[in-house]
Amino acid sequence: MGRAVPVTGATFDVVIVGAGAVGAACAYFATAAGLRVVVLDRAAIASGTSSACEGNLLISDKEPGPELELALYSRQLWVGELAEHAALWEYEPKGGLVVASSEPVLARLRDLAARHRALGITVDDADPAALCDREPHLNPALVGGAFYPQDAQVQPMLLVAHLLRLARVQGAEVRAGTAVTGVLRNGDRVVGVRTSDGDFSAGTVVNAAGTWAADIARLAGVDLPVLPRRGFVLVTEPLPVTVRHKVYAAEYVADVASSAGDLQSSPVVEGTPAGTILIGATRERVGFDRGFSVAAAARLARGALALFPFLAGVRVMRSYLGFRPYCPDHLPIIGPDPRAPGLWHACGHEGAGIGLSVGTGSLLAQTLSGAATALDLIPFAPDRFAENR
Ligand SMILES: Cc1cc2nc3c(=O)[nH]c(=O)nc-3n(C[C@H](O)[C@H](O)[C@H](O)COP(=O)(O)OP(=O)(O)OC[C@H]3O[C@@H](n4cnc5c(N)ncnc54)[C@H](O)[C@@H]3O)c2cc1C
């Protein structure tokens, strides 16, 4: 498959565009595979969506299929090859508690849990008493739930910073403040990038520009349907440990899978090591509008209170927003683009790019170095959307 093709006089095997979680993971694994790598970002490292998100590494919210397989593969890396670095990015195997407020919702949750179990995923059914044992402050009106001990959390900005630092130790160059403005070509082949800081030639250009990946693809003359899906998060004042796990309403799974453009919100509540509680997350397709939305904040607050009534007495300290890199079929785009030889993509991870970053980087490095890939990349093919247009 598409091993990095040396370009005569090229300084690098791989140019990675974008220093978010995905670009950083690609750099880490590509350098570990012995490739010469440079990472370019137009702004600071982790200045895109990777610093405007939460850091959940979730198995529980994914329907069986390619995204779940990538999440399980990523988990293998988080707890295996990368375990020695876990403390650097505050890896916390806290587990996810999915809760239901009505019997029909609980029935759907049980069905998903059964399909997860069939794949070997650990899920513990929870009745109201078990919910209370795990989270004593939960609303007692909830009818039941499911506990996923394999769900975990990291601090995303620390993740990016340390993956890039480790990549540098392995020989990578990292250039912040370097905007990619064009691609270099040799005939049809993409052989590097033009930037605000000069040209970088390489055997392969990896587009890890997250929500801006369509712009990079366009520079090479190809379309990628990556669009922004805005999300708000509320941050409370710091508290003693009150919420122990990632707790979310079962409706969240349907929201994640939906393609609706209008405002969606189902409560996701989690504590952080700093004591603040994060309350997420809305989803809406409003382009890159950075305006504060009272409607979104109100929905988040209402949803959180339905799970944890004690939050009524807790102050919200701030809110932030980010733009998820959304693809119409909710799958990331990973691998070589046959429409522009030399251009590869690692983007479009929507609301799961922190969790899936390491699996993506590992798979990309496997293909770039000519090794067999741990997963089939066909579901993630960059040209899979072409026939729908
Ligand atoms: C509210 C919210 C909550 C979320 N919660 C979670 C969660 O709990 N778990 C999870 O796994 N995911 C979560 N996500 C999704 C996750 O944040 C993203 O999927 C992930 O950050 C994408 O990483 P990335 O590296 O692809 O993109 P980014 O982090 O956006 O990095 C792309 C980089 O490309 C750079 N770039 C763009 N154009 C150029 C150019 N022309 N030249 C050079 N550089 C360029 C940008 O500056 C940016 O730094 C959440 C997202 C939101 C909005």
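Before I come to the loops, let me say that helices and strands here are DSSP runs, numbered from the N terminus, with at least four residues for a helix and at least two for a strand. With that in hand, I can place His330, which sits in the loop between β16, residues 316-326, and β17, residues 333-336. Please keep in mind throughout that what you have in front of you is a predicted model.

Let me start with the whole protein and return to that loop afterwards. The protein contains nine helices and 18 strands, and its C-alpha atoms fill a box of roughly 65 × 45 × 45 Å when taken along the principal axes. For 389 residues, a compact globule would be expected to have a radius of gyration near 21 Å, and because the protein has 21 Å, the value agrees with that expectation. Buried residues account for 58% of the 389 residues, and the accessible surface comes to about 14,900 Å², with 55% of that belonging to carbon and sulfur atoms.

If we look at contacts between residues at least 6 apart in sequence, 75% of them join residues that are at least 24 apart. As for charge, there are 33 positive and 38 negative charges, and their mean positions lie 4 Å apart.

Now to the interior. The largest nonpolar core has 71 residues, and the ones with the most contacts inside it are Ile16, Val37, Trp78 and Trp89. Helix α1, residues 21-32, gives the most to this core, contributing nine residues. A second, separate core has 26 residues, including Val180, Val183, Ala209 and Phe385.

Which residues does Ile16 contact, leaving aside its neighbours within four places in sequence? Gly23, Cys26 and Ala27 are in contact with Ile16, as are Val37, Val38, Val39 and Leu40, and the list is completed by Val206 and Ala208.

Phe12 is worth setting beside Ile16. Phe12 is placed in strand β1, which covers residues 12-17, and Phe12 counts as buried because its relative accessible area is 8%, where the cut-off is under 20%. Beyond residues up to four places away in sequence, Phe12 touches Arg36, Val37 and Val38, then Glu173, and then Phe200, Ser201, Ala202 and Gly203. The C-alpha atoms of Phe12 and Val205 are separated by 9.8 Å, although these residues are 193 apart along the chain.

A charged residue comes next. Is Arg230, in strand β12, residues 227-236, buried or exposed? With a relative accessibility of 4%, Arg230 counts as buried. Its contacts, again leaving aside neighbours within four places in sequence, include Glu284 and Asp289, and among them are also Arg283, Arg324, Thr282 and Phe323. The C-alpha atoms of Arg230 and Leu321 are 6.9 Å apart, with their positions 91 residues apart along the chain.

Let me now go back to the loops and consider backbone angles. His330 has a positive phi of about 60 degrees although it is not a glycine, and His330 is buried, with a relative accessible area of 15%. Ala46 likewise has a positive phi, near 55 degrees, in a residue other than glycine. The place of Ala46 is in the loop between β2, residues 37-40, and β3, residues 56-57, and at 8% relative accessibility Ala46 counts as buried.

I will finish with two residues that are partly exposed. Asp383 is found in the segment after α9, residues 357-368, and at 32% relative accessibility Asp383 counts as partly exposed, since that class runs between the 20% and 50% limits. Which residues does Asp383 contact once neighbours within four places in sequence are left aside? They are Pro338 and Arg339. The C-alpha atoms of Asp383 and Gly335, which are 48 residues apart along the chain, are separated by 9.9 Å.

The other is Ala130, which lies in helix α4, residues 128-134, and which counts as partly exposed at 25% relative accessibility. The C-alpha atoms of Ala130 and Cys347 are separated by 39 Å, and these residues are 217 apart along the chain.

Terms used. Residues numbered from 1 in each chain as written. Predicted model: local features only at pLDDT ≥ 70, side-chain atom pairs only at ≥ 80, totals over all residues. Heavy atoms only, no water. Rg over C-alpha atoms; globule rule 2.2 N^0.38 Å. Buried < 20%, exposed > 50% of the residue type's maximum accessible area, 1.4 Å probe, protein only. Contact = heavy atoms within 4.5 Å. Areas by Shrake-Rupley, 256 points an atom, 1.4 Å probe, with all protein chains shown as cover. Lys, Arg positive; Asp, Glu negative; His and termini not counted. Charge placed at Lys NZ, Arg CZ, Asp CG, Glu CD. Core = buried A, V, L, I, M, F, W, Y, C linked by side-chain atoms within 4.5 Å.
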